[in-house]
Amino acid sequence: MAAVTSVFRPGLFNHKVAIVTGGGTGIGKAISSELLELGCSVVISSRKAEKLEAAAQEMRQKIPPSSPAIVTPLTCNIRSEDDVKALVSSVLNKYGRIDFLVNNGGGQFTSPAENMSSKGWNAVIDTNLTGTFHCCKEVYSAWMKQHGGVIINIIADMWKGFPGMAHTGAARSAVDNLTKSLSIEWAASGVRVNAVAPGTIFSKTAMDNYKELGPLLFTKSAKFNLAKRLGVPEEISSAVCFLLSPAASYISGATLRVDAGQSLYHSMWEVPDHNAWPQAPEGENLDALREVLNPKSKL
Ligand SMILES: CCCCC/C=C/C(=O)SCCNC(=O)CCNC(=O)[C@H](O)C(C)(C)COP(=O)(O)OP(=O)(O)OC[C@H]1O[C@@H](n2cnc3c(N)ncnc32)[C@H](O)[C@@H]1OP(=O)(O)O
Ligand SMILES: NC(=O)C1=CN([C@@H]2O[C@H](COP(=O)(O)OP(=O)(O)OC[C@H]3O[C@@H](n4cnc5c(N)ncnc54)[C@H](OP(=O)(O)O)[C@@H]3O)[C@@H](O)[C@H]2O)C=CC1
């Protein structure tokens, strides 16, 4: 299979250093691979050491000889502040700098809100909101406050609510807002903070997260955007690389929707037909509406 090649200039990120959470799979793997190709050393980080090591091995094979970049796998559960502190400290000990942070690690399960346990709700909020906060805060305090840098938060298409995944919708909306707050608070340190909101992006790992429901969820979702197809992780990676690059030097506090217009289009969530809604108030407008709906009716 042909390798994807970055549209950006080789050497664009030579000698820069990035942390990409969830960097060993799906979207994070595409981002890490593109950064490595462009000369940026990348620390890929998530909870499972074996998975990370395998991903790092695969990435090493693909770094072009012209790139000075190194990939380092380091485990970290972003839900734990201590883990995040240890990660940032290890990166600074090894590389002496952190130019970019990509908060990509995260996820959720599908469930109607009424069936979510408090533990399940908290797992998703802790991962996607608090985990992102931990990483932003630690990288800022330990490095970017003095040296500047760029942070990208990966969120989701939660603009019209997120039925079936209400926990993640709430967490990602919060991260959208956090992105704006941090961009203002940290501007004077030369830190840009932006977010990317992907549409439905296919990767094997993303689909497998939903077990037997995965293939149906992803295939069904393909028609709910203007492209009439699913996105792939490389289409998120190029947007992230743009926002990290000097080409985005005047962009901060923004969220870029990379969703082929999915968020403008209709939702895949069907509201069943029902008669449970309160009736409209009687009056001339309702009478006129009845006439339109049923012209022969005697009102
Ligand atoms: C077309 C549809 C998709 C469109 C949008 C796509 C968006 C994507 O984000 S795709 C990427 C998907 N990838 C992931 O979600 C990967 C990361 N996800 C996770 O790690 C989990 O989903 C997590 C965030 C919930 C964390 O899980 P875990 O580490 O196992 O958490 P805990 O062991 O601490 O306990 C969790 C607690 O949460 C509840 N729970 C977890 N999974 C489910 C489930 N499948 N169904 C119902 N409930 C679940 C449950 O209460 C767990 O507690 P216990 O019952 O005691 O185990
Ligand atoms: N694919 C899609 O359609 C969309 C994805 N997104 C978001 O994009 C991001 C990447 O998802 P995608 O690549 O598609 O799916 P993946 O399931 O492949 O990636 C999720 C990554 O997050 C890591 N992760 C999960 N929990 C933690 C944690 N507590 N600490 C550290 N790392 C963690 C996982 O690694 P490990 O389990 O080893 O910790 C994994 O590498 C996620 O935040 C996802 O929710 C947003 C919108 C749409």
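Me: Helices (H or I, at least four residues) and strands (E, at least two) are DSSP runs, numbered from the N terminus. With elements named in that way, where is the place of K48?

Reply: The model is a predicted one. Helix α2 covers residues 49-62, and strand β2 covers residues 41-46. K48 falls in the loop between β2 and α2.

Me: Is K48 buried, exposed or partly exposed?

Reply: A residue is buried with 20 or more other C-beta atoms within 10 Å of its own, and exposed with 12 or fewer. K48 has 14 such atoms within 10 Å, so K48 is partly exposed.

Me: What distance separates the C-alpha atoms of K48 and V150?

Reply: Along the chain, K48 and V150 lie 102 residues apart. In space, their C-alpha atoms are separated by 26 Å.

Me: Which residues of β1 lie on the side opposite A18 and V20?

Reply: In a regular strand the side chains alternate between the two faces of the sheet. Strand β1 spans residues 17-21, and 5 of its 5 residues are buried. Both faces are covered, with A18 and V20 on one side. The other side holds V17, I19 and T21.

Me: Which residue of β2 does V20 stand opposite?

Reply: Strands β1 and β2 run parallel and are joined by 5 bridges. Within this pairing, V20 of β1 faces I44.

Me: What is the handedness of the β-α-β crossover from β1 to β2?

Reply: Between these two strands the chain passes through helix α1, residues 26-37. The crossover is right-handed.

Me: Which residue of β4 does I19 stand opposite?

Reply: β1 also pairs with β4 (residues 100-103), in parallel and through 3 bridges. In this pairing, the residue across from I19 is L101.

Me: How far apart are the end C-alpha atoms of α1?

Reply: Helix α1 has 12 residues, and at 1.5 Å a residue they should span 16 Å. The value in the model agrees with this: 17 Å.

Me: How many residues of α1 are buried?

Reply: The buried residues of α1 include the charged K29, E34 and E37. G26, I27 and L36 are also among them. The helix is mostly covered, and the count of buried residues is 12 of 12.

Me: Which residue with a positive phi follows α1?

Reply: Helix α1 covers residues 26-37. The phi in question is near 100°, and the residue is G39.

Me: Which helix gives the most to the shell around ligand 2?

Reply: There are 30 residues around ligand 2, and G22, G26, R47, G105 and G106 come nearest. By class the shell has 8 nonpolar, 18 polar and 4 charged residues. Three helices, α1, α4 and α6 (204-208), each supply at least two residues. With 3 residues, the helix that gives the most is α1.

Me: Which helix gives the most to the shell around ligand 1?

Reply: Of the 17 residues around ligand 1, the nearest are G107, F109, G120, A123 and N209. The shell divides into 7 nonpolar, 9 polar and 1 charged. Both α4 (118-147) and α7 (214-221) supply at least two residues. The largest share, 5 residues, comes from α4.

Me: What percentage of the residues in the protein chain is buried?

Reply: The protein chain has 9 helices and 7 strands, and its C-alpha trace spans about 80 × 45 × 40 Å along the principal axes. Of its 299 residues, the buried part is 39%.

Note on methods. Residues are numbered from 1 along each chain as its sequence is written. Chains are lettered from A and ligands numbered from 1 in the order in which they are written. This is a predicted model: local features need pLDDT of at least 70, side-chain atom pairs count only at pLDDT 80 or more; totals for chains, interfaces and linings use all residues. Two strands pair if DSSP finds at least two bridges between them. A crossover is right-handed if, with the strands pointing away from the viewer, the path from the first strand over the helix to the second runs clockwise. A residue is near a molecule or strand if its C-beta atom, placed from the backbone, lies within 6 Å of it. The expected span of a helix is 1.5 Å times one less than its number of residues.
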